[in-house]
Amino acid sequence: MNENLNNWEAVIGLEIHVQLSTKSKLFSGASTNFGALPNTQACNIDLAMPGVLPVLNEEVLKMAIKLGTALNADINSPTSFARKNYFYPDSPKGYQISQMDKPIVEGGYLDIETESGTKRIGVTRAHLEEDAGKSLHDDFEGQSGIDLNRAGTPLLEIVSEPEISTPAEAVAYLKSIHSIIRYLAISDGNMAEGSMRCDANVSVRKKGDLELGTRTETKNVNSFRFVEKAIQYEIERQVHEIESGNTITQETRLYDSQNNTTRPMRSKEYANDYRYFPEPDLLPITLEKDFIESVINDMPEMPNEKKERFVSKFSLSNYDADLLAADKDIANYFEEVVKISDSPKLSTNWIMGELSALLNNENLNIKDSKVSSDKLGQLILRIEDATISGKIAKDIFEKMWISGKEVDEIIQDEGLEQVTDDKQIEAMIDEVIKSNPEQLEQYRSGKDRLFGFFVGQVMQASKGKANPKQVNDILKSKLEK
Amino acid sequence: MALSDKELKEISYLARINVKEESFSSLKKELEQILTLFEELNEADTSSVDAMSHPLDLSQPTRKDEVTEENKRDELLKNAPSVKSGLFIVPKVIDGEA
Amino acid sequence: MDLHKLSLKEQLEGLKKSEFTSVELTSHYLKRISKHDEKFNSFITVTEENALMQAKAADERYKKDKSLPLDGVPIAHKDIFCTKGVRTTCGSKMLSNFEAPYSSTVYTKLDEHGMVMLGKTNMDEFAMGSSNETSYFGPVSNPWDTEYVPGGSSGGSASCVSAELAPIATATDTGGSIRQPASLCGLTGIKPTYGRVSRYGMIAFASSLDQGGVVARSAEDAALILEGMSGHDPKDSTSLKLPSPDLTKNLKDSIQGMKIGLPKEFFEQDMPSYVEQSIQEAIETYKSLGAEIVEVSLKNINLSLPIYYIIAPAECSANLSRYDGVRYGYRCEDPKDIEDLYMRTREEGFGAEVKRRILIGTYALSAGFYDAYYLKAQKCRQLVANDFTNAFESVDVILSPTTPGTAFKAGEKSDDPTEMYLQDIFTIPANLAGLPGISIPCGEHGGLPLGMQLVGNSLQEDKLLQFAHSYQSNTDWHKKMPNI
């Protein structure tokens with residue numbers, strides 16, 4: 001595949017399924033916990049036993065309203081449920097209760113950061129629906145086993161407009177949705193466990209063409225990285241097909257992460273016809289204004305609001321503020337550190353640098369950091385008040401990480417306090433100058449770059465504890481003499 | 001209202017009800033009779049009414065988000081035609097097929 | 001003592017006064033069932049042992065002076081209501097061995113009122129039919145003449161009460177399945193307002209039309225039991241948030257000055273002269289009781305049949321998708337793959353009428369036809385509902401025949417589905433509008449009973465029962481029982 005991709009542009013739309021983190025299911029009182037023994041969390045309603053009826057979980061309405069508000073969308077009232085008919089063993093009723101004509105969330109947008117600046121992606125709708133169970137294929141001698149624990153778990157399906165142009169934008173959009181649902185605490189967004197799943201609708205067209213190409217839907221893309229790769233693969237595949245004189249078939253494809261390819265799902269003799277119609281076991285839902293307002297008032301600050309606040313209040317760059325605000329836990333940690341250190345820029349650098357590196361190393365969440373925000377704040381404070389140098393701070397930080405000790409305790413125990421006494425520094429400098437007459441002569445005859453050599457010698461002599469700025473100033477005046 | 005064999009096959013597939021070839025013609029006749037009955041609705045002027053999907057003109061009640069069901073797997077699986085290790089057993093399902 | 005000749009109310013009083021025990025009363029009915037039901041096939045399952053246990057418990061409660069409101073009175077339940085520990089078949093091969101691990105709210109409520117279940121009654125498969133000939137467990141016959149059908153789908157319930165094998169029975173009504181068999185078997189059958197009786201555990205046919213009720217020997221008996229089974233149920237989202245109505249309070253009040261509407265569209269139709277005559281006599285009776293007769297117009301009522309035969313099959317096509325041979329119920333032999341499992345399980349597990357309706361419903365909902373059929377039907381449904389709203393501005397109840405005639409012979413209409421569908425032409429409109437309706441015996445022809453129907457405004461079951469009771473206090477039609 002070495003076609004000139006530059007002649008082509010992709011049109012991408014994402015359908016994101018978000019599993020809502022309710023305690024009980026969308027229409028039954030069974031638990032939604034992940035990982036229980038098969039069919040131990042599937043009650044008679046989830047199993048579609050004869051005569052059972054759905055009763056709506058109130059919490060999902062609140063969650064959907066929050067999401068809709070965060071996506072700048074309208075909340076429909078009344079909103080109603082419909083039946084989507086299809087047969088599949090993990091769909092026990094033979095239909096899925098979903099939403100068709102009146103989805104709870106409609107017509108919103110999301111701003112994402114791209115290489116060429118901020119881009120607005122339209123959100124067509126977000127609707128509530130039931131998750132399906134799971135088919136297991138191993139160990140049943142050519143048969144499948146059906147586990148309906150997941151059946152009936154509430155989902156919000158968020159459908160974007162086909163306004164995404166590159167795999168990178170798709171990832172940015174997906175990450176932004178991920179950030180929002182985590183902020184709102186409506187889902188854990190765990191892609192590996194399937195609590196956030198993504199289907200990508202992709203088509204390509206020659207640059208400048210107005211007409212859309214035939215699209216494919218790629219399912220089963222369950223990590224940010226795979227979304228990028230699957231879409232990239234699909235774009236290249238489609239361009240290759242067209243340039244080879246073939247046409248694109250409108251079809252559903254599955255992403256194979258092991259081989260990084262997509263393949264068509266087995267096609268059926270007849271097309272699917274979901275025969276949507278209003279769910280007669282449930283009535284339309286009227287969402288009272290007061291209810292909606294109380295839910296909105298209960299919402300936390302959202303990532304974009306937080307980002308703007310970080311820029312204006314802490315004078316952070318757009319880039320830094322965006323990074324910090326994307327994750328609620330990181331943002332909270334940051335604010336706690338700043339409260340103590342009173343140095344937003346230095347705090348940002350430490351969180352994104354040293355802390356991030358150690359967390360990644362040990363695959364830890366910031367919530368489980370071995371250095372608390374308090375302790376990191378104290379460390380930065382000691383840099384700011386010149387008790388220690390930045391270099392020593394890095395050593396101390398590693399010690400704090402291992403021992404869990406406070407910064408001051410380590411400084412005291414190891415005598416790492418910075419030397420800031422002019423007299424003491426002068427004495428060290430005099431000693432260094434005295435023992436390096438050759439270099440002194442060379443310096444004085446114009447070899448300026450030997451200045452660094454002297455700084456290094458002094459720092460070495462002080463075991464890194466001398467205040468670098470003072471060393472600089474005093475050394476300069478002494479050498480010039 | 002005529003129904004083609006192809007349409008009948010499609011409906012029977014959508015409904016997942018096998019229909020034997022030999023009963024096609026009689027079934028088609030019965031269904032066509034019913035479809036003819038539907039044509040009576042064409043006379044009605046419905047330009048100024050909304051669709052009535054339910055006899056109750058009320059808003060949906062909701063329940064609190066609480067786990068009220070306990071594990072009753074043994075009892076619930078008792079009626080199943082085929083069960084192994086707490087799973088319902090069916091002929092092999094091809095992934096993603098729906 | 002012929003205990004079965006006592007009304008349900010008298011039986012309850014007898015139990016309270018210790019004139020007989022519940023075990024005696026229950027045994028009496030069980031004996032009658034075992035002696036006579038062979039002829040009628042009105043029961044699918046007789047729960048003898050369980051019934052005697054319940055009866056014993058009721059007697060204990062009477063002894064301890066801790067009796068429940070309907071304690072110790074026997075009842076038969078339509079086999080559409082799930083009953084924990086007792087199989088529930090819905091008249092289908094699909095569920096011929098199904099034992100629900102839960103009970104319907106209707107069963108639970110009546111059980112909590114102390115009622116004794118005699119068994120589960122036969123019915124048209126999944127409540128689809130008007131003659132009780134579609135049951136997997138064989139047809140039910142009419143106790144007035146066993147060559148005739150008892151009506152359907154609650155044919156078993158009507159047949160067993162009419163043969164006095166049970167003092168009362170639960171039933172369900174989607175397009176007339178309580179009122180039509182009540183009419184054909186000479187009983188009082190009431191379908192309450194949609195949402196009065198919980199649908200939880202009542203196996204669904206068409207969710208927006210299904211409603212539970214009773215067939216009884218009088219309005220007074222019906223009122224007692226309907227009160228016990230009504231009321232809000234949080235397990236049914238379409239259950240009205242209202243307490244159980246007091247249906248006996250106004251039962252004996254006069255109907256003097258109240259208005260009965262006669263829909264001219266119904267009376268413009270051709271009907272057998274004996275039907276016309278019986279209805280005319282009933283009207284005269286009501287006039288003599290002080291009611292005022294008013295002509296009303298339900299101008300879209302003629303659309304009811306096509307509306308119903310789009311909406312009910314559409315809903316049923318989805319409601320019956322769960323019968324797929326995976327989690328419970330019938331499964332075909334040796335399925336070669338999952339599609340084969342579905343296709344043959346459903347081909348073999350469902351009877352002809354059920355399959356016909358699923359196919360029609362699937363067609364009506366399919367792409368390209370939804371607007372022309374389903375959506376159009378929903379709009380027309382609103383027109384019919386509006387007609388009733390307008391009519392009830394000027395009348396208290398609307399009177400019509402319940403059925404186009406008396407019972408027909410078994411096999412007479414089973415070859416022609418649309419001919420059979422006409423059986424429900426008078427009863428369907430109340431289901432479409434969600435209104436309460438009652439059928440009460442008002443005549444006979446050729447030795448077979450005939451009923452009239454009263455439809456009331458939303459939530460006015462009490463008024464319907466008052467009209468029915470007032471009629472029954474002045475006529476004897478409801479007291480006539482077949483000689484079995």
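Here is a friendly talk between two people about how some features of this predicted model get their names.

Colleague: Before we start, what kind of model is this, and how is it labelled?
Modeller: This is a predicted model, where local features need pLDDT of at least 70, side-chain atom pairs count only at pLDDT 80 or more, and totals for chains, interfaces and linings use all residues. Residues are numbered from 1 along each chain as its sequence is written, while chains are lettered from A and ligands numbered from 1 in the order in which they are written.

Colleague: What makes residues 167–183 of chain A a helix, H2?
Modeller: Helices are DSSP runs (H or I, at least four residues), strands are runs of E with at least two, and both are numbered from the N terminus. H2(A) has 17 residues, so the rule of at least four residues is met.

Colleague: How do you know what span to expect for H2(A)?
Modeller: The expected span is 1.5 Å times one less than the number of residues. For H2(A) that gives 24 Å, and the helix reaches 24 Å from its first C-alpha to its last. Just after H2(A) comes Ala185(A), with a positive phi near 55°.

Colleague: Why is H2(A) called mostly covered?
Modeller: A residue is buried if 20 or more other C-beta atoms lie within 10 Å of its own, exposed if 12 or fewer, and partly exposed in between, with C-beta atoms placed from the backbone. In H2(A), 13 of the 17 residues are buried, so the helix is mostly covered.

Colleague: How do you know that strands E4 and E5 of chain A pair?
Modeller: Two strands pair if DSSP finds at least two bridges between them. Four bridges join E4(A), residues 82–85, to E5(A), so they count as a pair. They run antiparallel, and Ala82(A) stands opposite Ser98(A).

Colleague: Why do E5(A) and E15(A) count as edges?
Modeller: The open sheet has the order E5-E4-E15 in chain A. E5 (95–98) and E15 (277–278) of chain A each have a single partner strand, so one side of each is left without a neighbour in the sheet.

Colleague: Which strands pair between chain A and chain B?
Modeller: E9 (residues 143–147) of chain A and E3 (residues 87–91) of chain B are joined by four bridges and run antiparallel. Gly145(A) stands opposite Ile89(B). Their open sheet has the order E8(A)-E9(A)-E3(B)-E2(B).

Colleague: What makes residues of chain A and chain C count as in contact?
Modeller: Their C-beta atoms, placed from the backbone, must lie within 7 Å. This contact takes 26 residues from chain A and 37 residues from chain C.

Conventions:
Contact = placed C-beta atoms within 7 Å.
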